[in-house]
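Here is a short report on one protein chain. It covers helix packing, the core, the sheet and two unusual backbone angles.

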Amino acid sequence: YMLPSELIAKPENWCQWFHATDKDGREVKFNDVTAVSWCIGGALYRCYSLETELFLASEKLREAVRKLNGVPNYALWNDEPSRTHDEVIRLLKEAKL
């Protein structure tokens, strides 16, 4: 399987505001075959198909975000207008995801 940090390793494979987008920037489901970019949450859904894996990965990511800003909401953190791709990758790697 692929880690979320690997799935969105390139800036063009990361997005904000949607779980996933197609090559034209249109919203698609995280598991759609036309998806080419994912937000941090969409990447978790795409990489972890088993409910227990997804839960554990989400908890790791929540804890990593909580350490950064005291709020465990990684979706809001991802969607901050000033957020950068490098920050997202750094957070995922810190969480070992």
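At roughly what angle do the axes of α3 and α5 cross? The model is predicted, and in it these axes cross at roughly 120° and come within 9 Å. An angle from 65 to 115 degrees would count as roughly perpendicular and one over 145 as roughly antiparallel. The α3 helix is therefore oblique to α5.

**Helix packing**

A second pair, α2 and α3, can be set beside it.

| Helix pair | Axes come within | Crossing angle | Handedness |
|---|---|---|---|
| α3 and α5 | 9 Å | roughly 120° | right-handed |
| α2 and α3 | 9 Å | roughly 150° | right-handed |

With the cut-off for roughly antiparallel at over 145 degrees, α2 and α3 therefore fall into that class.

Which residues make these contacts? On the α3 side of the α3 and α5 pair they are Leu 61, Ala 64, Val 65, Lys 67 and Leu 68. Their counterparts in α5 are Leu 91, Leu 92 and Glu 94. In the other pair, α2 brings Ile 40, Leu 44 and Tyr 45. These meet Leu 54, Ala 57, Ser 58 and Leu 61 of α3. Leu 61 thus appears in both sets of contacts.

**Helix α2**

Is α2 largely enclosed or open? Helix α2 spans residues 40-47, and six of its eight residues are buried, so the rest of the structure largely encloses it. The buried residues are Ile 40, Gly 41, Gly 42, Ala 43, Leu 44 and Cys 47. What do they pack against? Their partners are four helices and a strand: α1 (4-7), α3 (51-69), α4 (74-79) and α5 (85-94), plus β3 (37-38).

**The core**

The largest nonpolar core has 25 residues. Ile 8, Ile 40, Leu 44, Leu 61 and Leu 97 touch the most other members. Helices α2, α3, α4 and α5 each supply at least two core residues. The largest share, five residues, comes from α3. In soluble globular proteins, nonpolar side chains tend to be buried together.

Take Leu 61 as a case. Setting aside residues up to four places away in sequence, Leu 61 touches Ile 40, Leu 44, Tyr 74, Leu 91, Leu 92, Ala 95 and Leu 97. Among these, Ile 40, Leu 44 and Leu 97 are also on the list of residues that touch the most other core members.

**The sheet**

Three strands form an open sheet in the order β2-β1-β3, and the pairing is antiparallel. Strands β2 (27-28) and β3 stand at the edges with a single partner each, so one side of each has no neighbour in the sheet. Strand β1 (residues 20-21) runs antiparallel to β3, and two bridges join them. One bridge pairs Ala 20 with Trp 38 of β3. Strands of a sheet pair through backbone hydrogen bonds.

**Two positive phi values**

Most residues other than glycine have a negative phi. Which way does phi go at Trp 17? Trp 17 is not a glycine, yet its phi is positive, at about 80°. Trp 17 sits in the loop between α1 and β1. Its relative accessibility is 58%, so Trp 17 counts as exposed.

Lys 96 also has a positive phi, near 60°. Lys 96 lies in the segment after α5. Is Lys 96 buried or exposed? Its relative accessible area is 65%, and the cut-off for exposed is over 50%, so Lys 96 is exposed.

Note on methods: Residues are numbered from 1 along each chain as its sequence is written. This is a predicted model: local features need pLDDT of at least 70, side-chain atom pairs count only at pLDDT 80 or more; totals for chains, interfaces and linings use all residues. Side-chain values use heavy atoms; hydrogens and water are left out. Buried means under 20% relative accessible area, exposed over 50%, partly exposed in between (1.4 Å probe, protein chains only). Contact means heavy atoms within 4.5 Å. Two strands pair if DSSP finds at least two bridges between them. A nonpolar core is a set of buried Ala, Val, Leu, Ile, Met, Phe, Trp, Tyr and Cys residues joined through side-chain atoms within 4.5 Å. Axes are lines fitted to C-alpha atoms, for helices over the stretch in contact, and angles run from 0 to 180 degrees between N-to-C directions. Angles under 35 degrees count as roughly parallel, over 145 as roughly antiparallel, 65 to 115 as roughly perpendicular and the rest as oblique. A crossing is left-handed if the near helix is turned anticlockwise from the far one by less than a right angle, and right-handed if clockwise.
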